[in-house]
Amino acid sequence: MASGTPATAEAKWGSIVEVVNGELIDVPADAGYASVILMWLLLLVNLIQAVIGGLFKPAFVFFSIGSSKVPLSTSYGSAMGSVLAGRPCLLAWTWWRYALSGLVALLATGQSRLAFLIWEWEAF
């Protein structure tokens with residue numbers, strides 16, 4: 001009886017190999033394979049922007065929501081603009097910049113999530 005259970009479970013749920021090697025489902029374009037490849041190709045540019053955004057609060061806010069003083073930055077130059085546009089692959093760079101800036105800020109605040117939360121709160 002016990003030997004038949006795994007076969008039944010596999011028939012019901014499918015093979016783990018098929019799941020791992022299957023197609024991506026409900027993954028936004030800015031988190032797809034093309035986005036990741038471009039992020040690694042432009043890693044140096046992303047890291048330079050991340051250091052600026054992670055150490056200077058106004059830059060972090062600009063990367064997050066844009067600015068009314070810079071035309072189209074809210075729509076096309078911020079993580080918020082990417083979300084409002086449906087997270088297209090064309091705006092993936094805004095997410096990589098924002099995420100890496102958050103990592104730099106976390107490291108700069110002493111690797112404490114609470115300190116990072118306070119830093120973000122003060123930035124906004």
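**A short note on the chain, starting from S73**

1. A good place to begin is S73, which sits in helix α6, the element spanning residues 73-76. Please keep in mind while reading that this is a predicted model.

2. Is S73 buried or exposed? Its relative accessibility is 4%, and buried means under 20%, so S73 counts as buried. Leaving aside residues up to four places away in sequence, S73 touches F62, G66, S67 and S78.

3. Stepping back to the chain as a whole, you will find 9 helices and 0 strands. Read from the N terminus, the order of elements is α-α-α-α-α-α-α-α-α. The radius of gyration is 20 Å, well over the 14 Å that the globule rule gives for 124 residues, so the chain is more spread out than a compact globule. Along the principal axes, its C-alpha atoms fill a box of roughly 70 × 35 × 25 Å.

4. Now to a pair of helices worth finding in the view: α5 (residues 57-65) and α9 (residues 113-123), whose axes come within 9 Å and cross at roughly 80 degrees. Angles of 65 to 115 degrees count as roughly perpendicular, and α5 and α9 are therefore roughly perpendicular to each other.

5. Which residues meet where α5 and α9 touch? From α5 come K57, F60 and V61, and from α9 come W119, E120, E122 and A123. Sorted by class, this contact has 4 nonpolar, no polar and 3 charged residues.

6. Some totals to finish. Of the 124 residues in the chain, 27% are buried. The chain exposes about 8,700 Å², with carbon and sulfur atoms supplying 71% of that area. Among contacts with a separation of 6 or more, 47% join residues 24 or more positions apart.

Key. Residues are numbered from 1 along each chain as its sequence is written. This is a predicted model: local features need pLDDT of at least 70, side-chain atom pairs count only at pLDDT 80 or more; totals for chains, interfaces and linings use all residues. Side-chain values use heavy atoms; hydrogens and water are left out. Axes are lines fitted to C-alpha atoms, for helices over the stretch in contact, and angles run from 0 to 180 degrees between N-to-C directions. Helices (H or I, at least four residues) and strands (E, at least two) are DSSP runs, numbered from the N terminus. Angles under 35 degrees count as roughly parallel, over 145 as roughly antiparallel, 65 to 115 as roughly perpendicular and the rest as oblique. Contact means heavy atoms within 4.5 Å. Ala, Val, Leu, Ile, Met, Phe, Trp, Tyr, Cys and Pro count as nonpolar, Asp, Glu, Lys and Arg as charged, and the others, Gly among them, as polar. Buried means under 20% relative accessible area, exposed over 50%, partly exposed in between (1.4 Å probe, protein chains only). The radius of gyration is taken over C-alpha atoms; the globule rule is 2.2 Å times the number of residues to the power 0.38. Accessible areas come from the Shrake-Rupley method with a 1.4 Å probe; for residues, only the protein chains shown count as cover.
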